[in-house]
Amino acid sequence: MMDIIEQPLSIGARQDVVYDDNVVQGSSEAAEVRGLKNSEFIVTPSATVNFGHNGGRFGVSFNGVFGYDFHQKNTVLDRERIDFSGSAAALVGSSCSVTGQYAYLRKQTRQQDLTTIVTANRVMVYVATLGQTCIAPSGLTESVQILRSAWHNSSVLNINNDRKAVSGLLGYTAPAWGLVGATFLYERTDFFGRRDIMVMTPDTLEKTSVGIQYASPIDKRLSGSLSAGYVFSKATVPTDSRLAGPRGRGGLVAQASILYKPTNRWRIAGQAARKIRHDTSFTVTTDLQLSVDYTVTPTIRSSAGGRWLRDRYYGRDVTLTQIAQDRQDQTTLFGTLAFQVGKRSTLTADARHDIGRSDFSPFDYSGTRFTLSLSTSLGPPFR
C-alpha cells in the first residue's frame with residue numbers, strides 16, 4: 001500500500017545545459033515588448049539530495065534539487081530553481097494507510113503564464129496534503145484527502161492565492177471487475193494582494209464537484225480508469241470588479257486513462273480529460289496525452305510522446321486593453337534518451353517541440369528546446 005522506495009541518504013550534483021530557440025514562448029512581437037531575446041542558452045548547476053526508507057508499516061522519503069538558472073542573453077530571467085518534496089506513510093491495520101506530503105517549488109515563471117506587462121517573476125508554490133485510505137481486496141473502499149496550497153509571486157502585478165480543498169471517495173472493490181465509487185470535492189481559493197488595477201480578479205473562487213469513478217485491471221498487462229462528474233464554480237467579487245461574463249460556471253468534467261505493458265520493456269500510457277480549474281478566474285481545460293516508454297538495455301531507457309492542451313480563460317476585464325490571451329492551444333512533441341554511466345551517473349538527452357496558438361497574437365509561437373543533463377550521486381554522506 002506504500003509506494004516509498006528504499007534508498008540510502010545520498011548527496012549528488014546535476015548539470016543541465018539547455019538551448020531554447022523561443023524562451024519567450026511567444027511571437028517576436030512579444031519578445032520585443034518584454035525586452036527579451038528569443039533564442040537562449042541556459043546553464044543550471046544543481047545540488048541534489050535523495051532519501052527513502054520503507055520499513056513495511058512506516059515509510060518516509062524526500063527528494064530535492066537546489067540549482068540556479070544562468071541565461072546567456074536574458075540575464076533578467078536568472079533565478080534560483082528549487083524543487084523539494086517529502087512524504088511519509090503509515091499502515092493502520094491490515095487495509096488502511098495514512099499519508100502526508102509536502103512540496104515546495106521556487107523558480108522563474110514561464111513567459112506563457114505571464115501577461116505581456118510582466119517579464120521577471122519569481123513564483124513560490126507550497127503544497128501540503130494529508131490523506132487516509134482503506135482498500136480491501138473485496139468490499140468497501142474509502143479515502144479522504146485534505147489539501148492546502150499557496151502561490152506567491154515576486155511581481156506586484158501578479159496576484160497571490162491561498163487554496164484549501166477536501167476530497168474523497170466511497171466505493172466498492174471486487175476482484176472480478178475492479179473499483180467503482182462516488183467522488184466529491186470542495187475547493188476554495190482566496191486571492192490576496194490585489195492591486196486596484198486588478199479589477200477583474202475575484203476575492204474568492206469556490207468549486208464543488210460530485211462524480212463517479214471506475215478503475216480496473218483488464219488483464220495482467222492492461223489497466224484503465226474512467227471518471228466523470230459535474231463541477232460548479234462561483235466567484236465572490238469585490239464591489240469595484242468588472243469581471244467579464246457570469247460569476248458562476250458549471251459543467252461536466254471527465255477523465256479517462258489507459259496503461260498497456262505489452263512486454264516488460266514497453267509501457268504505453270494515454271489520457272484524455274476535461275477539467276474546470278481556478279487560476280485568477282475560471283479556466284476550462286481539455287487535455288490529451290500519449291506517451292511510450294521503452295527500455296533499450298538495462299542501462300539505456302527511452303521515451304517519446306505528445307500532448308495537446310487547450311485552456312479557455314474566463315473573467316477578463318473587457319474595459320482594459322488586452323494583455324493576455326482568452327484561449328491558448330498548445331501542442332507538444334517530445335523524446336528522451338537516458339544512459340546510465342557507471343553505477344552513480346546518468347546522462348539524459350531531451351528534445352521537445354511546442355506549437356502555441358491563441359486569440360492574442362503575442363502568444364502564437366513555435367519553439368524547440370534541447371536539454372542535456374548529467375546527474376551524479378556522490379553516495380551516502382556517511383556509512
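Strands, in the numbering used here, are DSSP runs of E of at least two residues, numbered from the N terminus. The model described in this report is a predicted one.

**A buried residue in strand 2**

Ile 42 is found in strand 2. Its relative accessible area is 6%, and because buried means under 20%, Ile 42 counts as buried. Between Ile 42 and Asn 74 the C-alpha to C-alpha distance is 9.3 Å, although 32 residues separate the two in sequence.

**The second largest pocket**

Strand 2 (40-54) also contributes to a pocket, the second largest, together with strand 1 (7-20), strand 17 (345-358) and strand 18 (365-377); each of these gives two or more residues to the lining. The volume of this pocket is about 250 Å³. Its lining comprises 16 residues, of which Arg 344, Thr 346, Ser 375, Thr 376 and Ser 377 are the closest to the centre. Strand 1 supplies the largest share, five residues. By character, the lining divides into eleven polar, three charged and two nonpolar residues.

**Salt bridges**

Side chains of opposite charge can pair when their charged atoms come close. The count for this model comes to 17 salt bridges. Three of them are set out below.

| Acidic residue | Basic residue | N to O distance |
|---|---|---|
| Asp 190 | Lys 164 | 3.6 Å |
| Glu 206 | Lys 234 | 4.0 Å |
| Asp 287 | Arg 307 | 2.7 Å |

Asp 190 belongs to strand 9 and Lys 164 to strand 8 (residues 160-174), so this salt bridge ties together parts that are 26 residues apart in sequence. Asp 190 is buried at 16% relative accessible area, whereas Lys 164 is partly exposed at 35%.

Glu 206 lies in strand 10 (residues 204-219) and Lys 234 in strand 11, so the pair joins parts 28 residues apart in sequence. Here Glu 206 is buried, at 15%, and Lys 234 is partly exposed, at 41%.

Asp 287 in strand 14 (residues 282-297) and Arg 307 in strand 15 (residues 300-314) link distant parts of the chain, 20 residues apart. Asp 287 is buried at 3% relative accessibility, while Arg 307 is partly exposed at 35%.

In addition, Glu 80, Arg 106 and Arg 122 are linked in a network of salt bridges.

**A nonpolar surface patch**

The surface carries a nonpolar patch with about 1,000 Å² of accessible area together, and its members include Val 92, Leu 130, Ile 146, Phe 184, Tyr 230 and Leu 252. Strand 7 (139-153), strand 9 (178-192) and strand 11 (222-236) each give two or more residues to this patch. Leu 130 lies in strand 6 (residues 122-134).

Notes:
Residues are numbered from 1 along each chain as its sequence is written. This is a predicted model: local features need pLDDT of at least 70, side-chain atom pairs count only at pLDDT 80 or more; totals for chains, interfaces and linings use all residues. Side-chain values use heavy atoms; hydrogens and water are left out. On a 1 Å grid over the protein atoms alone, a cavity is a set of points where a 1.4 Å probe fits but cannot get out, and a pocket is an open set with protein on both sides within 12 Å along at least five of seven lines; lining residues have an atom within 4 Å of a point. Grid points are joined across faces, edges and corners, and a volume is the space filled by probe spheres set on the points. Helices (H or I, at least four residues) and strands (E, at least two) are DSSP runs, numbered from the N terminus. Ala, Val, Leu, Ile, Met, Phe, Trp, Tyr, Cys and Pro count as nonpolar, Asp, Glu, Lys and Arg as charged, and the others, Gly among them, as polar. Patches are made of residues with over 30% relative accessible area and no salt bridge: like charges are joined within 9 Å, nonpolar side chains (Val, Leu, Ile, Met, Phe, Trp, Tyr) within 5 Å. Accessible areas come from the Shrake-Rupley method with a 1.4 Å probe; for residues, only the protein chains shown count as cover. A salt bridge is a side-chain nitrogen of Lys or Arg within 4 Å of a carboxyl oxygen of Asp or Glu. Buried means under 20% relative accessible area, exposed over 50%, partly exposed in between (1.4 Å probe, protein chains only).
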